[in-house]
Amino acid sequence: MSHARGVPRLKFGLTATLHKPRKRVGTNVTIRDIGTAGCRLEHADAASVGKTCELYFDWQGTYVGLE
């Protein structure tokens, strides 16, 4: 568990898709760690996504989508 940002984050390592809001095509990323205040992504091009984005991934058989 990582505490560098003041909120615990769990090591994750799952593949996800990062989208612009309401767009069907996204960028594949890896979620390195995740917590209630955010997550760390690998291979994310923030400039092409913008300030608001959507993150989708499959976790333990449940499809999860976050804004």
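Modeller: Two strands count as paired if DSSP finds at least two bridges between them. The model shown above is predicted, and that rule can be applied to its strands β4 and β5. Strand β4 covers residues 54-59, and five bridges join this strand to β5.

Biologist: In which direction do β4 and β5 run relative to each other?

Modeller: Strands of a sheet pair through backbone hydrogen bonds, and the pairing is either parallel or antiparallel. Here β4 and β5 run antiparallel. One bridge may serve as an example: Y56 has G65 in β5 as its partner.

Biologist: Which elements does the whole protein contain, and in what pattern do they follow one another along the sequence?

Modeller: The protein has five strands and one helix. Along the sequence the pattern is β-β-β-α-β-β.

Biologist: In what order do the five strands lie in the sheet?

Modeller: The sheet is open, its order is β3-β2-β1-β4-β5, and its pairing is antiparallel. Strands β3 (38-42) and β5 (62-66) form the edges, each pairing on one side only. From one strand to the next, the twist averages 35 degrees.

Biologist: How should I read aromatic pairs, and how many does a search of the whole structure find?

Modeller: One considers the distance between ring centres and the angle between ring planes; planes over 60 degrees apart count as edge-to-face, and planes under 30 degrees apart as stacked. The search finds three pairs. In one of them, the planes of F12 and F57 stand at 90 degrees with the ring centres 5.6 Å apart, so this pair is edge-to-face. The two residues are 45 positions apart in the chain: F12 belongs to strand β1 (residues 9-19) and F57 to strand β4. Together with W59, F12 and F57 form one aromatic cluster.

Biologist: Are F12 and F57 buried or exposed?

Modeller: The cut-off for a buried residue is a relative accessible area under 20%. F57 has 5% and is therefore buried, whereas F12, at 22%, counts as partly exposed.

Biologist: What kind of aromatic pair do Y56 and Y63 form?

Modeller: Their pair is stacked, with 10 degrees between the planes and 5.9 Å from centre to centre. Y56 is partly exposed at 23% relative accessible area, while Y63, at 63%, counts as exposed.

Biologist: Which residues make up the largest nonpolar core?

Modeller: A core of this kind is a set of buried nonpolar residues joined through their side chains. The largest one here has eight residues: A16, L18, V29, I31, I34, L55, F57 and V64. Strands β1, β2 (26-35) and β4 each give two or more residues to this core. The largest share, three residues, comes from β2. Over the whole protein of 67 residues, 21% count as buried.

Biologist: Where does T27 lie, and which residues does T27 touch?

Modeller: T27 lies in strand β2 and counts as partly exposed, at 31% relative accessibility. Leaving aside residues up to four places away in sequence, T27 touches A16, T17, L18 and H43. A16 is eleven residues from T27 in sequence, and their C-alpha atoms are 8.3 Å apart.

Biologist: What share of the contacts in the protein joins residues 24 or more positions apart?

Modeller: Among contacts with a separation of 6 or more, such residues account for 40%.

Biologist: What area does the protein expose, and how much of it do carbon and sulfur atoms supply?

Modeller: The exposed area is about 5,000 Å², and carbon and sulfur atoms supply 51% of it.

How values were computed:
Residues numbered from 1 in each chain as written. Predicted model: local features only at pLDDT ≥ 70, side-chain atom pairs only at ≥ 80, totals over all residues. Heavy atoms only, no water. Helix = DSSP H or I, 4+ residues; strand = E, 2+ residues; numbered from the N terminus. Axes fitted to C-alpha atoms, helices over the stretch in contact; angles between N-to-C directions. Phe/Tyr/Trp six-rings, centres within 6.5 Å; stacked < 30°, edge-to-face > 60°. Buried < 20%, exposed > 50% of the residue type's maximum accessible area, 1.4 Å probe, protein only. Core = buried A, V, L, I, M, F, W, Y, C linked by side-chain atoms within 4.5 Å. Contact = heavy atoms within 4.5 Å. Areas by Shrake-Rupley, 256 points an atom, 1.4 Å probe, with all protein chains shown as cover.
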